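Subject: Structure for your review

Dear colleague,

I am handing over the structure below, together with notes on what was found in it. Please read the notes with the structure open beside them.

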Amino acid sequence: MLNFELYNPTNLIFGKGQMEKLSSLVPAGSKILLAYGGGSIFKNGIYDQVMTNLKGFEIVEFGGIEPNPHYETLMKAVEIIRAEKIDFILAVGGGSVIDGVKFISAAVHFEGNPMDILQKRLLIKENALPFGTVLTLPATGSEMNSGSVVTIKATEEKLAFGGSAMFPKFSICDPTVIVSLPKRQIQNGVVDAYTHVLEQYLTYPHNALLQDRFAEGILQTLVEVGPEVVENPADYTLASNFMWCCTMALNGLIQKGVPSDWATHMIGHELTALYGIDHARTLAIIGPNLYRVMFETKKGKLAQYGKRIFNLEGTEDEIAEKAIEATVAFFHKMGMQTKLSDYTEGYENTASFIVNRFDDRGWKGLGENQLVTLEKVKDIVEMSY
Ligand code: NZQ
Ligand code: ZN
């Protein structure tokens with residue numbers, strides 16, 4: 001097991017009716033920026049619940065944070081916060097709104113060009129404006145982690161950043177919020193969380209036994225509840241297990257003491273930046289081909305995954321191969337299409353574009369052992385057409 005530090009200061013408040021605690025969670029006397037997305041919170045009653053529970057606070061609203069939030073939009077909120085002397089931000093939404101708020105929080109007191117936070121991938125450890133979240137879409141784990149992904153529209157770059165000051169102070173996670181989600185977004189949530197686990201699990205065999213069992217527990221639970229929760233989002237057992245899986249998949253716990261990959265995400269982000277494909281769907285396109293191209297280094301773990309999650313039998317190579325096919329079948333069952341050509345036309349130069357971009361950024365080797373070289377990236381993306 002590798003050495004590790006486990007730090008997670010987010011106060012996670014989980015369950016039905018937990019919104020009532022909101023007023024006691026926001027520091028007394030705060031002037032709040034209420035940040036939200038395209039307006040779903042007005043249709044499903046979440047806005048009303050928030051406002052009822054924030055009576056007495058001074059609130060400035062900031063809506064319009066788009067999926068895959070734009071730097072350009074977020075900077076407008078930064079200006080408002082500076083002008084209005086706001087001292088707390090409440091994100092009400094999915095991963096995009098929460099990630100957007102993390103960037104806003106980091107940028108408000110940042111000295112220098114805030115775009116550097118993204119382009120230089122700065123670690124934000126201090127000087128952030130405190131924020132909390134009300135999660136409306138289980139998927140990213142952003143409600144309990146310190147990462148964020150923001151798109152610079154002007155350059156079509158989707159870039160990740162984070163740091164210890166980027167943990168939410170609190171997150172209210174009420175599983176009943178998923179009732180109003182379109183099926184497509186629930187499918188996305190399951191596949192995003194599933195892939196988060198695979199990024200931290202499908203590397204090479206190691207001796208962190210408990211971490212493997214944590215990861216496998218989340219995978220098994222998602223296989224069990226994923227297809228059903230899409231059809232029955234009002235079922236509390238399904239909704240609560242789905243939501244908790246998503247948080248646990250990326251709150252840092254399963255990644256402690258083990259190697260992690262993240263190459264599927266790095267390549268997938270490019271497909272969203274270029275073609276606007278939903279984040280989870282880019283993972284369903286890239287993930288299985290990454291496992292095929294990196295088969296020799298990943299087959300030990302693929303075989304363990306195949307045995308323990310899908311009860312597959314055979315030699316190590318056979319089980320590992322079948323495990324990739326079982327993953328694709330699960331993604332299909334979750335309503336994903338797994339080829340780039342299913343989503344867009346004009347994709348023929350995608351591989352060389354991405355390779356050049358990674359080369360410019362100095363990303364010459366991704367993955368757990370930096371073995372996903374630019375050549376491999378090209379193979380993975382071309383295999384995904
Ligand atoms: O904007 P509104 O009107 O709220 O509608 C949203 C949006 O259109 C809608 N929605 C959310 N909650 C709803 C709802 N509709 C009805 N009822 C509800 N209860 O869903 C749509 C998608 O929302 P979005 O926040 O974009 O989805 P998601 O949570 O999947 O977030 C995706 C973003 O998170 C990033 C992705 O790259 C992407 O930008 N990620 C963040 C990570 C992190 N911070 O750790 C890790 C992930 O790997 C991921 O990269
Ligand atoms: Zn993801």
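To begin with one helix pair, A263, T264, H265, I267, G268, L271 and T272 in α10 meet H279, T282, L283, I285, I286, G287 and L290 in α11, where two residues are in contact if their C-beta atoms, placed from the backbone, lie within 7 Å, and helices (H or I, at least four residues) and strands (E, at least two) are DSSP runs numbered from the N terminus. By class, this contact of α10 with α11 has 7 nonpolar, 7 polar and no charged residues; Ala, Val, Leu, Ile, Met, Phe, Trp, Tyr, Cys and Pro count as nonpolar, Asp, Glu, Lys and Arg as charged, and the others, Gly among them, as polar.

Please bear in mind that this is a predicted model, in which local features need pLDDT of at least 70 and side-chain atom pairs count only at pLDDT 80 or more, while totals for chains, interfaces and linings use all residues. Residues are numbered from 1 along each chain as its sequence is written, and chains are lettered from A and ligands numbered from 1 in the order in which they are written.

A second helix pair is formed by α7 (183-201) and α9 (residues 236-249), whose axes come within 9 Å and cross at roughly 35°; axes are lines fitted to C-alpha atoms, for helices over the stretch in contact, and angles run from 0 to 180 degrees between N-to-C directions. Here G189, V190, A193, H196 and V197 in α7 meet F242, C245, C246 and A249 in α9, and the residues of this contact divide into 7 nonpolar, 2 polar and no charged.

On a wider scale, the protein is divided into domain 1 (11-176) and domain 2 (182-383), with bounds that come from an automatic or database domain assignment. The C-alpha centres of the two domains lie 26 Å apart, and their contact takes 19 residues from domain 1 and 23 residues from domain 2.

Both domains give residues to the shell around ligand 1, so the ligand lies between them. Of the 33 residues around ligand 1, G37, G38, P67, G94 and G95 come nearest, a residue being near if its C-beta atom, placed from the backbone, lies within 6 Å. With 4 residues, α5 gives the most to this shell, which by class has 9 nonpolar, 22 polar and 2 charged residues.

With best wishes
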